[in-house]
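Open the model in a viewer and keep the sequence panel beside it. The stops below go one selection at a time.

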Amino acid sequence: MPGIDKLPIEETLEDSPQTRSLLGVFEEDATAISNYMNQLYQAMHRIYDAQNELSAATHLTSKLLKEYEKQRFPLGGDDEVMSSTLQQFSKVIDELSSCHAVLSTQLADAMMFPITQFKERDLKEILTLKEVFQIASNDHDAAINRYSRLSKKRENDKVKYEVTEDVYTSRKKQHQTMMHYFCALNTLQYKKKIALLEPLLGYMQAQISFFKMGSENLNDQLEEFLTNIGTSVQNVRREMDSDVETMQQTIEDLEVASDPLYVPDPDPTKFPVNRNLTQKAGYLNARNKTGLVSSTWDRQFYFTQGGNLMSQARGDVAGGLAMDIDNCSVMAVDCEDRRYCFQITSFDGKKSSILQAESKKDHEEWICTINNISKQIYLSENPEEIAARVNQSALEAVTPSPSFQQRHESLRPAGQSRPLTARTSSSGSIGSESTNLAALSLDSLVAPDTPIQFDIISPVCEDQPGQAKASGQGGRRTNPFGESGGGTKSETEDSILHQLFIVRFLGSMEVKSDDNPDVVYETMRQILAARAIHNIFRMTESHLLVSCDCLKLIDPQTQVTRLMFPLPSVVLYATHQENKRLFGFVLRTSGGRSESNLSSVCYIFESNNEGEKICDSVGLAKQIALHAELDRRASEKQKEIERVKEKQQKELSKQKQIEKDLEEQSRLIAASSRPNQASSEGQFVVLSSSQSEESDLGEGGKKRESEA
């Protein structure tokens, strides 16, 4: 390292121009050092800030990776492999964050502290000494000027002394200040080298320590992990590229295949109408009245769901109920200047809706689909097969008809001019269709000639009031909640379970077996098929009361019991496998078409999506009844045991009384064997009637023995 330039401290007292000139060079050098160090300080401070920011950002990244498994992504949020991989990355990055935090601390101690100390202490000291030296030099020059102006003619000792003392003080102050200033400037030549090298040395040592910690953390196991992740990323990229290529090819194929569909009204010869649908979805224009004669048309997405027509506006999460199309009527209508319009009318005629399809094909398919749903064909096991059978009726429904009643009159078979009776045999309901349904029917469960009852025969709908009174059910209103009115006590008043459900009676028929749920399923299928074929839409709505004693069908308006099924007679109950609105139960009754005295009848009902709840309630009622019967039997058995114990206790007390009487009798006999002693003493014994009789019998026996 070359020699260090110095200011001559020995020449400070002389204060020659050369010394001042050399001092100016050192001051200029100090100013340059100060400017350079300020810039270097800012650069190193940026390194330090960047390192702190890197440490904080790394820690935040690790924290976010840890919280990945807590996030709830709409798509792909349950990827366990991705979560475990990010957890591993989080651990590694957390270790790196710790290394960066250590590096930040080392940079603060080894790099920023030396240069900050040089900037804040040494450079400020030079500036302070420079100002003090400048003041001392000015004071010395002023004192010399006053000393030089002393008068030669009029010498004043006092003034001379003061001026001389002032020169002495100012010169001494200047000399001392100048020497310290020169010393600080000379020392600055050393400190500037230290101030440059120490921060750099600390920076490099901190970096070396950081890299050493990194090499210790980044071991072979981590390298293997990173290699596996890299391979996985490449596999995902290849899969993505393959999928993108497949999607591009699909787009090209769809563009070619969909070209004819871009026409709003495609050619019906190329795209035939499917009249056997029981589900359909698509956009329709709905007519909304805004005044007496004015109306607007809104385009919405419509789809069928079971027996409901749903609508959904663009942007909505889910659809809403537009209309219940069970038992509805649908027809093509002419509406103003719009084509392909059709009208849907609810089963009660209170609600109607006019919709417009986009094409003739959609127009006919919507009408056929809604017509098939209105016949409840969707409830059968093979809806398309049954829809094909009523295809001709669906085609006739496309043409406008004056009313709902006339349309159904036109759809009735030719030989059936009057309404269906309450009971319809399977020969009339299934009839010629039995050959087509032979593959679907189970003759081992349901007999082919079993009549189907589509309505409830009860005292409510009979004309003779005497039958209602004789049955003991129709003449009295039944409170479904078990509360008694007046002084009459309800039959189910003491029942623990009271649950009420709204049900609609679909039909009933006699079955062969009552130990297999397939009986209920097959009965549902046959009843729904018969209803669909003969356009039977009307259903009797009732309230089904489930109690621990029986099941009751109650009229919802008059609260009169229509039918009552004893709970022990209900041997089987089940819901439909797919449509939970349908349920049925098998009732074992006396009499019937079979040779034996017992017969089984299956009743089928429709509920408001409560089929499983009703079956659960029936099962709970049977369990409660079973437990009650077991408790009753246990109670009777306990009473019988108590009666036996009481009888045994009476026998035992009676035996004890006999033994006591015998002992008393023996004592009296012994006392009567000493008559002389008794007469001498004047004593006598009065026997009880029973004892006297026994003594007479004893004496008579002794006499007979002596005579013998």
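A residue is called exposed when its relative accessible area is over 50%, buried when that value is under 20%, and partly exposed in between. The model is predicted.

**Stop 1: the loop between E5 and E6.** Select Glu-336, in the loop that joins strand E5 (329-335) to strand E6 (338-345). Its relative accessible area is 53%, so Glu-336 counts as exposed, given the cut-off of over 50%. Next, show the neighbours of Glu-336: leaving out residues up to four places away in sequence, it touches Arg-287, Ser-295 and Trp-297.

**Stop 2: strand E6.** Move on to Tyr-340, which is in strand E6. Tyr-340 is not a glycine, yet its phi is positive, about 55°. With 17% relative accessibility, Tyr-340 is classed as buried.

**Stop 3: the loop between E4 and E5.** Step back in the sequence to Asn-327, in the loop between strand E4 (320-324) and E5. Here too a residue that is not a glycine has a positive phi, about 60° for Asn-327. Asn-327 has a relative accessibility of 10% and is therefore buried.

**Stop 4: the loop between E6 and E7.** Select Ser-346, found in the loop between E6 and strand E7 (352-356). Is Ser-346 buried or exposed? Its relative accessibility is 8%, so Ser-346 counts as buried. Draw a distance from the side chain of Ser-346 to the backbone nitrogen of Lys-350; the value is 3.5 Å. Then display the contacts of Ser-346 beyond four places in sequence, which are Met-323, Cys-328 and Lys-351.

**Stop 5: helix H5.** Select residues 360-374, which form helix H5. How far apart are the end C-alpha atoms of H5? They are 21 Å apart, and this agrees with the span expected for 15 residues at 1.5 Å a residue, also 21 Å. Colour H5 by accessibility: 13 of its 15 residues are buried, so the helix is mostly covered. After H5 comes Gln-376, with a positive phi near 60°.

**Stop 6: helix H4.** Finish with Met-247, in helix H4 (residues 220-257). Met-247 has 44% relative accessibility and is partly exposed, because that value falls between the two cut-offs. Add Met-240 and Val-244 to the selection and switch on the surface: with Met-247 they make a nonpolar surface patch of about 260 Å².

Note on methods
Residues are numbered from 1 along each chain as its sequence is written. This is a predicted model: local features need pLDDT of at least 70, side-chain atom pairs count only at pLDDT 80 or more; totals for chains, interfaces and linings use all residues. Side-chain values use heavy atoms; hydrogens and water are left out. Patches are made of residues with over 30% relative accessible area and no salt bridge: like charges are joined within 9 Å, nonpolar side chains (Val, Leu, Ile, Met, Phe, Trp, Tyr) within 5 Å. Accessible areas come from the Shrake-Rupley method with a 1.4 Å probe; for residues, only the protein chains shown count as cover. A salt bridge is a side-chain nitrogen of Lys or Arg within 4 Å of a carboxyl oxygen of Asp or Glu. Helices (H or I, at least four residues) and strands (E, at least two) are DSSP runs, numbered from the N terminus. Buried means under 20% relative accessible area, exposed over 50%, partly exposed in between (1.4 Å probe, protein chains only). Contact means heavy atoms within 4.5 Å. The expected span of a helix is 1.5 Å times one less than its number of residues. A polar contact is a pair of N or O atoms within 3.5 Å; within protein, one must be able to donate a hydrogen and the other to accept it, and residues adjacent in sequence count only if both atoms are side-chain atoms.
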